[in-house]
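Trainee: I would like to learn how to read a model such as this one, feature by feature, with the general idea placed before each case. Could we go through it together?

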Amino acid sequence: SMMTASAQLCLLAYLTLTLGLTLGLGPNKNMGFTFLLPAGSTECFYQKTAMNDSMEVEYQVIAGSGLDVGFILLSPTGHRLVSDFRRSDGIHTVDPTVDGDYRLCFDNNFSKMSEKMVFFEVVINSLNSKNGGQDDWLDTVMSDSMVDYKMEDIRARMDSVHRHLEKSHQVQAMLRAFEARDRYLLEDNLWRVSFWSCVNLSVMLTVAVVQIYTLRRLFVNTKQVRT
């Protein structure tokens with residue numbers, strides 16, 4: 001029923017809700033979110049960026065009929081950068097970005113009865129702040145007793161570790177989205193299989209009863225014996 005499907009979608013949204021995560025070791029910023037997109041509606045989100053940043057947007061439909069939505073990415077000046085129609089997933093990169101708010105819109109106007117659950121993630125690599133905090137840290141840590149150390153090599157290794165941590169976070173978020181979508185599909189398929197199994201069983205029982213009744217009617221002697 002519609003109420004059961006809505007309850008399942010709300011439960012999945014509660015289980016897979018992922019709010020933004022920012023790691024303070026470097027310039028990358030991640031923001032992931034899972035939301036319900038009502039039937040016949042459009043939802044928009046805004047992401048602020050600075051000049052010459054790099055932004056990556058990834059989305060996936062994890063529940064709902066058809067597993068598809070429309071996606072539009074608009075620049076701060078209103079220019080349409082990306083336009084996807086009825087896609088189940090997508091990855092788009094803006095490099096470099098401009099200063100302002102980018103608009104991410106998800107469209108479900110083509111579906112008048114089915115709501116969709118959508119997961120999306122935004123990754124921003126801020127090049128402007130890449131050297132700000134690290135140079136200050138380098139100047140603070142640098143002392144006469146550490147002149148011979150290869151500070152640049154240490155900083156490069158720290159950046160490499162941070163990038164790997166960021167990538168691991170992105171992969172884990174997408175795996176959670178895949179798991180939620182697979183769970184929804186399994187539950188939906190289980191309901192369909194159970195329903196049609198009950199229908200087939202009812203038809204078989206009805207046919208069996210009709211056949212038995214027909215056979216009994218064939219052997220009934222309707223002639224009356226007079227004495």
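Mentor: Let us fix the vocabulary before we look at any loop: helices and strands are DSSP runs, of at least four residues (H or I) for a helix and at least two (E) for a strand, and they are numbered from the N terminus. Please also keep in mind that this is a predicted model.

Trainee: Where, then, does Leu67 lie, and what is its phi?

Mentor: The general idea is that most residues other than glycine have a negative phi, and most peptide bonds are trans. Leu67, which is placed in the loop between β3 and β4 (69-74), has a positive phi of about 50 degrees although it is not a glycine. Its relative accessible area is 14%, which means that Leu67 is buried, the cut-off being under 20%.

Trainee: In which loop does Asn52 lie, and what is the sign of its phi?

Mentor: Asn52 sits in the loop between β2 (42-49) and β3 (54-63), and its phi is near 65 degrees, a positive value in a residue other than glycine. Asn52 has a relative accessibility of 40%, and therefore counts as partly exposed.

Trainee: Which peptide bond is cis?

Mentor: The bond from Asp95 to Pro96 is cis, with omega near 0 degrees, and Pro96 belongs to the loop between β6 (89-94) and β7 (100-107).

Trainee: How should I read the order of the strands in the open sheet of four strands?

Mentor: Pairing rests on bridges, since two strands pair if DSSP finds at least two of them between the two. Here an open sheet of four strands runs in the order β2-β7-β4-β5, with antiparallel pairing. Its edge strands are β2 and β5 (80-87), each of which pairs on one side only. Neighbouring strands of the sheet are turned by 15 degrees against each other on average, with direction ignored. Within the sheet, β4 and β7 run antiparallel and are joined by five bridges, and Leu73 stands opposite Leu104 in β7.

Trainee: What does Ser75 touch, and is it buried or exposed?

Mentor: Ser75 is placed in the loop between β4 and β5, and at 11% relative accessibility it counts as buried. If residues up to four places away in sequence are not counted, Ser75 touches Leu81, Asp101 and Tyr102.

Trainee: Which cysteines form the disulfide, and which parts of the chain does the pair link?

Mentor: The structure holds one disulfide, formed by Cys44 and Cys105, whose sulfur atoms are 2.1 Å apart. The pair links distant parts of the chain, with Cys44 in strand β2 and Cys105 in strand β7, 61 residues apart. The torsion about the S-S bond of Cys44 and Cys105 is about 105 degrees, so the disulfide is right-handed. As for accessibility, Cys44 counts as partly exposed at 33%, whereas Cys105 is buried, with a relative accessible area of 9%.

Trainee: How many aromatic pairs does the structure hold, and what makes the pair of Trp191 and Phe195 stacked?

Mentor: There are 15 aromatic pairs in the structure. Trp191 and Phe195 form one that lies 5.6 Å centre to centre, with 5 degrees between the planes; planes under 30 degrees apart count as stacked, which is why this pair is so described. Both residues lie in helix α3 (residues 151-218), four residues apart, about one turn of the helix. Trp191 counts as exposed, at 52% relative accessibility, while Phe195 counts as partly exposed, at 40%. Elsewhere, Phe33, Phe35, Phe45, Tyr59, Phe71, Phe106 and Phe120 form one aromatic cluster.

Trainee: What does UniProt place at residues 193-215, and what is the helix content of that span?

Mentor: An annotation is to be read as a statement of the record, and it may be inferred rather than shown by experiment. The UniProt entry, which is unreviewed, places the feature "transmembrane region" at residues 193-215. In the model, that span is 100% helix and 0% strand, and its end C-alpha atoms lie 33 Å apart.

Trainee: How far apart in space are Asp182 and Ala63?

Mentor: Separation in sequence and separation in space should be read side by side. Asp182, found in helix α3, is 119 residues apart from Ala63 in sequence and 8.7 Å apart in space, C-alpha to C-alpha. Asp182 is partly exposed, with a relative accessible area of 40%.

Key. Residues numbered from 1 in each chain as written. Predicted model: local features only at pLDDT ≥ 70, side-chain atom pairs only at ≥ 80, totals over all residues. Heavy atoms only, no water. Buried < 20%, exposed > 50% of the residue type's maximum accessible area, 1.4 Å probe, protein only. Axes fitted to C-alpha atoms, helices over the stretch in contact; angles between N-to-C directions. Phe/Tyr/Trp six-rings, centres within 6.5 Å; stacked < 30°, edge-to-face > 60°. Disulfide = S-S within 2.5 Å. Contact = heavy atoms within 4.5 Å.
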